Amino acid sequence: MLTHQQSAQLFERAKRTIPGGVNSPVRAFKSVGGTPVFMKQGDGAYLIDADGNRYIDYIGSWGPFILGHSHPRVVAAIEKTLKHVGTSFGAPTELEIELAELVSSLMPSMQMVRMVNSGTEATMSAIRVARGFTGREKIIKFEGCYHGHGDSFLIKAGSGALTLGVPDSPGVTKGTAQDTLNADYNDIESVKRLVREYPNQIAAIIIEPIGGNMGVVPARKEFLVELRELCTKENIVLIFDEVMTGFRVALGGAQSIYGVMPDLTTLGKIIGGGLPVGCYGGRRDIMQRVAPAGDIYQAGTLSGNPLAMSAGIETLRLLVEENPYPDLEKKAEFLEQGFRENMRELGVNYCLKKQGSMMCLFFTEQDVVDFKTATSSNTKHYAAYFHAMLERGVYLAPAQYEAMFFSIRHGEKELEHTIRANREALELTLKRELQKA
Ligand SMILES: *Cc1c(COP(=O)(O)O)cnc(C)c1O
């Protein structure tokens with residue numbers, strides 16, 4: 001048994017001054033139970049906790065660490081900027097242009113870009129720009145997609161109704177909720193119905209082109225193609241939220257895989273190389289409306305700061321030089337095969353979805369294509385599985401509806417260990433269930 005004495009103590013201490021003891025809710029292990037593990041150090045594919053336990057990390061800080069923790073070249077770039085440049089000026093620097101040019105060249109739909117400090121800021125800003133540009137107020141999002149914690153995005157469809165939204169959180173006003181409409185992922189008819197119901201009122205449709213926040217749920221190609229056609233026809237701004245998928249599934253993001261170009265794109269996570277960076281951008285005629293080129297206001301004291309820019313630039317340069325995507329794909333296939341073989345031997349057939357170095361094992365035998373099928377998963381089984389994996393030195397996301405991320409530092413040894421742990425953890429989970437029955 002691993003001991004978590006230090007983590008338990010830190011958690012008690014944290015709870016006294018930090019709500020729930022964490023600075024972002026899912027870290028608190030609420031959906032799997034138990035005490036969150038406090039981390040002390042990241043090292044390539046590994047995390048080391050406050051008690052000195054070592055885990056193979058499949059969260060990668062929720063997406064940024066496609067190169068693994070503390071990549072020497074990224075660390076060197078940060079150190080160099082820290083020593084010779086500074087951390088922030090509130091005045092423009094060349095580094096900002098470099099990152100903007102890199103992003104724009106890798107994702108050609110992003111003709112112009114604006115740096116911000118998080119994915120949330122990027123999506124909030126993108127819908128403001130879409131509203132300002134179209135002069136319309138409503139947006140359509142998809143149930144099960146996550147776009148950060150901006151008020152407009154914390155709305156789910158009320159049961160049975162696809163029309164007016166109901167806030168998911170106290171503090172989100174009814175007025176805001178009314179401007180957010182929910183459609184069903186991979187279901188173009190649900191979108192068309194809303195567009196018919198609110199003619200000339202929809203400013204933007206925002207979507208994760210590969211769903212990564214209800215587990216991993218890739219969109220169907222025809223669905224995205226039809227969404228693109230609909231937006232063009234109705235003058236609706238199509239926003240791809242690629243905060244997770246940008247530079248993760250391919251250098252050009254999900255849009256390069258599908259060959260479908262949005263009007264605006266939001267980025268985060270990998271683009272900051274582990275420091276806080278977000279970015280939004282797209283069509284020149286839309287982005288030219290952003291202040292001070294245009295009249296739509298958006299600003300940030302620390303936006304584009306040299307430290308974060310250098311981490312992002314070095315990360316993207318490494319991705320361009322090394323093109324790790326084919327290799328990551330092979331690793332994903334290896335893991336998938338191992339997991340599937342384990343399931344076959346144990347007589348279960350859970351749904352496994354993957355795209356590049358994002359993967360999710362859903363504890364359901366249904367094919368997961370949207371929020372409804374994703375939530376057919378048995379989250380109690382996931383919780384048991386999660387703890388059994390943790391005990392075997394594999395750190396997964398402490399919730400079913402998250403992606404498993406891995407990095408270029410996850411080698412054969414780590415993957416093989418993970419497959420063995422998966423076999424034992426699945427077996428334990430199933431045995432426990434039989435005993436209960
Ligand atoms: C993580 C995420 C966000 C929010 O980014 P933060 O940096 O956490 O604010 C938005 N959209 C998607 C698709 C994400 O995965």
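**Exercise 1. Which residues of strand S2 (residues 46-49) lie on one side, which on the other, and are they buried or exposed?**

Before we start: this is a predicted model, where local features need pLDDT of at least 70 and side-chain atom pairs count only at pLDDT 80 or more, while totals for chains, interfaces and linings use all residues. Residues are numbered from 1 along each chain as its sequence is written, and side-chain values use heavy atoms, with hydrogens and water left out.

Step 1. Get the vocabulary straight. Strands (E, at least two residues) and helices (H or I, at least four) are DSSP runs, numbered from the N terminus. Buried means under 20% relative accessible area, exposed over 50%, and partly exposed in between, using a 1.4 Å probe and protein chains only.

Step 2. Sort the side chains. In a regular strand they alternate between the two faces of the sheet. In S2, Tyr46 and Ile48 take one side, and Leu47 and Asp49 take the other.

Step 3. Check the burial. These four residues of S2 are all buried, which leaves both faces of the strand covered.

**Exercise 2. Work out how S2 pairs with S1 and S3.**

Step 1. Two strands pair if DSSP finds at least two bridges between them.

Step 2. Look at S1 (residues 39-43). S1 and S2 are antiparallel and share four bridges, with Gly42 partnered by Leu47 of S2. Two residues sit between these strands in a hairpin, and Gly44 in the turn has a positive phi of about 60 degrees.

Step 3. Now S3 (residues 54-57). S2 and S3 also run antiparallel, joined by three bridges, and Ile48 finds its bridge partner in Arg54 of S3. This hairpin has four residues between the strands, and Gly52 takes a positive phi near 90 degrees.

**Exercise 3. In what order do the strands of the seven-strand open sheet run, and which stand at the edges?**

Step 1. Walk across the sheet: S4-S14-S13-S12-S9-S5-S8, with mixed pairing.

Step 2. Find the ends. S4 (112-116) and S8 (180-183) each have a single partner strand, so one side of each has no neighbour in the sheet. From one strand to the next, the twist averages 20 degrees, with axes being lines fitted to C-alpha atoms (for helices over the stretch in contact) and angles running from 0 to 180 degrees between N-to-C directions.

Step 3. See the mix for yourself. S13 (residues 264-267) and S14 (residues 278-282) are antiparallel, with four bridges, and Thr266 faces Tyr280 in S14. S5 (residues 138-142) and S8 run parallel, also with four bridges, and Phe142 has Ala183 of S8 as its bridge partner.

Step 4. Take a closer look at the edge strand S8. Thr180 and Asn182 point one way, Leu181 and Ala183 the other, and all are buried.

**Exercise 4. Describe the two largest cavities.**

Step 1. Define the search. On a 1 Å grid over the protein atoms alone, a cavity is a set of points where a 1.4 Å probe fits but cannot get out, and lining residues have an atom within 4 Å of a point. Grid points are joined across faces, edges and corners, and a volume is the space filled by probe spheres set on the points. The model has three cavities of 30 Å³ or more.

Step 2. Take the largest, at about 100 Å³. Its lining includes Phe339, Cys360, Tyr382 and Glu402. Strand S16 (358-362) and helix H13 (379-391) each supply at least two lining residues, and S16 gives the most, with three.

Step 3. Move to the second largest, with about 50 Å³ of space. Among its lining residues are Gly44, Asp57, Phe65 and His410.

Step 4. Compare the classes: Ala, Val, Leu, Ile, Met, Phe, Trp, Tyr, Cys and Pro count as nonpolar, Asp, Glu, Lys and Arg as charged, and the others, Gly among them, as polar. The largest cavity is lined by ten nonpolar, one polar and one charged residues; the second largest has four nonpolar, six polar and one charged.

**Exercise 5. How many disulfides does the structure hold?**

Step 1. A disulfide here is a pair of cysteine sulfur atoms within 2.5 Å. The count is zero.

Step 2. Try Cys360. This residue is buried, at 3% relative accessible area, and its sulfur is 8.0 Å from the closest cysteine sulfur, in Cys351, so the gap is too far for a bond.

Step 3. Try Cys231. This one is buried too, at 1%, and its closest cysteine sulfur, in Cys145, is 14 Å away, again too far for a bond.

Conventions: On a 1 Å grid over the protein atoms alone, a cavity is a set of points where a 1.4 Å probe fits but cannot get out, and a pocket is an open set with protein on both sides within 12 Å along at least five of seven lines; lining residues have an atom within 4 Å of a point.
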